Amino acid sequence: LRLIARESHIPDDRESLISLGRRLTDDLGVEGLVDLLIGSSHIAEPIVFDGIREVGALTRVLRIFPSTIVVYLDVSRAERERRIFEVRQRPSDQNIDFDFIEQAENSIYKVPDLLPYADAVFDERVTPEDIFNLINRTTR
């Protein structure tokens, strides 16, 4: 998304990227946005897609990259709410519009919809090393 923003002379701050992503999703749909982002990237495997919150986006990635390993981070609802509240408090995020905050808060409740697609489930105590080790074991 940052590459598309740069090519379109749009700043790559959080609010601008969120706005661009929302606009592209409205124009192209979730699957179309995934196609655009993948098509505009110089992809070399392995690829990490972080923070997918929409089933449509995940299923599109799985169709394009069938060997994808889906790791689900099972974070409690209370922890997801705490993290959203924390984002609201960051000085860099004070200017994010209310629509985004509402959308982000709603998206944290949709994340469990991704659980059936998971190849592995970790709780919030997971380390990046744990995930890396899983991927290494799975891809050998």
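## The S16–D13 contact

In this predicted model, the side chains of S16 and D13 are joined by a polar contact of 2.8 Å. S16 belongs to helix α2. With a relative accessible area of 18%, S16 is buried, because the cut-off for burial is under 20%.

Beyond its neighbours within four places in sequence, S16 is in contact with I10 and P11.

## The loop before α2

The loop between α1 (2-7) and α2 (14-39) contains H9. The backbone of H9 has a positive phi of about 60°, although H9 is not a glycine. Most residues other than glycine have a negative phi.

Is H9 buried or exposed? H9 is exposed, and its relative accessible area is 74%. In contrast to H9, S16 in α2 is buried.

## The bend in α2

How far does α2 span between its end C-alpha atoms? The distance is only 22 Å, whereas a straight helix of 26 residues would span 38 Å at 1.5 Å a residue. Helix α2 also has a bend of about 110°, located at L28.

L28 is one of the residues touched by L33. Not counting residues up to four places away in sequence, L33 touches G21, L24 and T25 as well as L28. These residues, like L33, can be placed on α2 from its range of 14-39.

## Buried residues and the nonpolar core

The buried residues in α2 are S16, L17, I18, L20, G21, L24, L33, V34 and I38. Some of them recur in the largest nonpolar core, which has six residues: I4, A5, L17, L20, L24 and L33. Both α1 and α2 supply at least two residues of this core. The most comes from α2, which gives four residues.

L33 therefore appears in several settings: L33 is buried in α2, is part of the largest nonpolar core, and touches L28, where α2 bends. A buried residue is one with under 20% relative accessible area.

## Helix α3

Helix α3 covers residues 55-64, and its buried residues are A57, L58, T59 and V61. The cover over these buried residues includes α2.

T59 is found in α3 and counts as buried at 18% relative accessibility. Which residues does T59 contact, leaving aside its neighbours within four places in sequence? T59 is in contact with E31 and Y117.

## The chain as a whole

The secondary structure of the protein chain consists of six helices and two strands. Along the sequence, these elements follow the pattern α-α-α-β-α-α-β-α.

The protein chain has 140 residues, and 26% of them are buried. Of the contacts in the chain with a separation of 6 or more, 66% are between residues 24 or more positions apart. The chain exposes about 9,500 Å², and carbon and sulfur atoms supply 52% of this area.

Notes. Residues are numbered from 1 along each chain as its sequence is written. This is a predicted model: local features need pLDDT of at least 70, side-chain atom pairs count only at pLDDT 80 or more; totals for chains, interfaces and linings use all residues. Side-chain values use heavy atoms; hydrogens and water are left out. Buried means under 20% relative accessible area, exposed over 50%, partly exposed in between (1.4 Å probe, protein chains only). The expected span of a helix is 1.5 Å times one less than its number of residues. The bend at a residue is the angle between axes fitted to the seven residues ending there and the seven starting there. Contact means heavy atoms within 4.5 Å. A polar contact is a pair of N or O atoms within 3.5 Å; within protein, one must be able to donate a hydrogen and the other to accept it, and residues adjacent in sequence count only if both atoms are side-chain atoms. A nonpolar core is a set of buried Ala, Val, Leu, Ile, Met, Phe, Trp, Tyr and Cys residues joined through side-chain atoms within 4.5 Å. Accessible areas come from the Shrake-Rupley method with a 1.4 Å probe; for residues, only the protein chains shown count as cover.
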